[in-house]
Amino acid sequence: MRKQRNWERRVEVKKSKRKEEKQRKRLSRNKDINGPQLSKRVMKAITKERLEDARGAGLVLCVDFSMTDHMSHKEMSHLAGQIRRLYGSNKKALRPFHIFLTELKEDSLLYKECVRMNDGFLNYLMDVTDESWFHLFPTEDVIYLTPDANEALERVDEDKVYILGGLVDESIQKKISYKRAKELGVHTVRLPIDEYMVKKSNPKNFHSKILAINQVFEVLLAFCETKDWTTALASGIPPGKGYVVTSLMSSEVGQ
């Protein structure tokens, strides 16, 4: 049944691809011509339509909350905030993802923090389930993004399911999401930070490739829109991480 659902999803994606492209062009034209004149009610309706369409045939991204037992109450609250920002970014996207929050139980502290901190969380247009992504999708279609993977992500494929580890770890316990993915035998990749960015000197000599889930998602959204990793990484990774895209560093050196 799981494979049948996956096959049906792929067929639906192919059937809807041309329709989505026409819709995006039409919405873009309407925005250019009538953008300032559109009411909040109309914009809200357009956003809702996009998100509903994504749940039927959009790129799939899951946030894996199976590792929350590693986290403190404070870290749970931070993670709830990241979920809110991730959803906010998806709402603004011309081509939003179909978002799954997996292994998020209603009686869990994280779920309660999401309801407490995020206005309208119960009405978010995403799928929230206490099931594991491992039981929802064939493992051969899954790509797990973790900063500890050896292989860099090169492209975003419509027939793949992308997993982010739902984890805020201020104690920096090593390779938690990587070990989780390896235990389940799925393909792991990292964002291509090493390939397109370099360390930039800063007063604290701080450099980190550990990103919040909403920051990783921002990079993915930007890449899907531009098809350019330099642009995506520059827009999604905060300067405070201590990295800058190679082209920007080269221009600074030239100056």
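# Exercises on a predicted model

The backbone oxygen of I210 lies 2.6 Å from a polar atom of the K241 side chain. This distance, like every value below, comes from a predicted model.

**Exercise 1.** Place K241 in the chain, decide whether K241 is buried or exposed, and list its contacts beyond the neighbours within four places in sequence.

*Solution.*
- Step 1: K241 sits in a loop, with α9 (229-236) on one side and β8 (243-245) on the other.
- Step 2: The relative accessible area of K241 is 17%. Buried means under 20%, so K241 is buried.
- Step 3: With neighbours within four places set aside, K241 contacts F206, H207, S208, I210, L211 and Q215.
- Step 4: One of these residues, I210, supplies the backbone oxygen that lies 2.6 Å from a polar side-chain atom of K241.

**Exercise 2.** Describe how α8 and α9 pack, giving axis distance, crossing angle, handedness and the residues that meet.

*Solution.*
- Step 1: Two packed helices are described by the angle between their axes and the distance between the axes.
- Step 2: The axes of α8 (residues 213-226) and α9 come within 8 Å, and they cross at roughly 145°.
- Step 3: The crossing of these two helices is right-handed.
- Step 4: From α8, the residues involved are Q215, E218, V219, A222, F223 and T226. They meet W229, T231, A232, L233, S235 and G236 of α9.
- Step 5: Q215 of α8 takes part in this packing and is also among the contacts of K241.

**Exercise 3.** Work out the strand order of the six-stranded sheet and state which strands stand at the edges.

*Solution.*
- Step 1: Strands of a sheet pair through backbone hydrogen bonds, either parallel or antiparallel.
- Step 2: β1 (residues 60-64) runs parallel to β2 (residues 98-102), and five bridges join them. Within this pair, C62 has F100 of β2 as its bridge partner.
- Step 3: β4 (residues 142-145) is parallel to β5 (residues 161-165), with four bridges between them. L145 stands opposite L164 of β5.
- Step 4: Three bridges join β4 to β6, again in parallel. Here Y144 has T188 in β6 as its bridge partner.
- Step 5: The full order is β3-β2-β1-β5-β4-β6, in an open sheet with parallel pairing. The edges are β3 (127-128) and β6 (187-189); each has a single partner strand, so one side of each lacks a neighbour in the sheet.

**Exercise 4.** Determine which way the side chains of β4 point, and find what the buried residues of α6 pack against.

*Solution.*
- Step 1: In β4, V142 and Y144 point one way, while I143 and L145 point the other way. All of these residues are buried.
- Step 2: The buried residues of α6 (residues 176-183) are I176, S177, Y178, R180 and A181.
- Step 3: These α6 residues pack against β4, as well as β1, α5 (133-136) and β6.
- Step 4: After α6 comes G185, with a positive phi near 70°.

**Exercise 5.** State how many disulfides the structure holds, and whether C114 and C224 are buried or exposed.

*Solution.*
- Step 1: The number of disulfides is zero.
- Step 2: C114 has a relative accessible area of 0% and is buried.
- Step 3: C224 is buried as well, with a relative accessible area of 15%.

**Exercise 6.** Summarise the protein chain by its helices and strands, its buried share and its contacts.

*Solution.*
- Step 1: The chain has ten helices and eight strands.
- Step 2: Of its 255 residues, 47% are buried.
- Step 3: Among contacts between residues at least 6 apart in sequence, 80% join residues at least 24 apart.

Terms used. Residues are numbered from 1 along each chain as its sequence is written. Side-chain values use heavy atoms; hydrogens and water are left out. Two strands pair if DSSP finds at least two bridges between them. A disulfide is a pair of cysteine sulfur atoms within 2.5 Å. Buried means under 20% relative accessible area, exposed over 50%, partly exposed in between (1.4 Å probe, protein chains only). A polar contact is a pair of N or O atoms within 3.5 Å; within protein, one must be able to donate a hydrogen and the other to accept it, and residues adjacent in sequence count only if both atoms are side-chain atoms. Contact means heavy atoms within 4.5 Å. Axes are lines fitted to C-alpha atoms, for helices over the stretch in contact, and angles run from 0 to 180 degrees between N-to-C directions. A crossing is left-handed if the near helix is turned anticlockwise from the far one by less than a right angle, and right-handed if clockwise.
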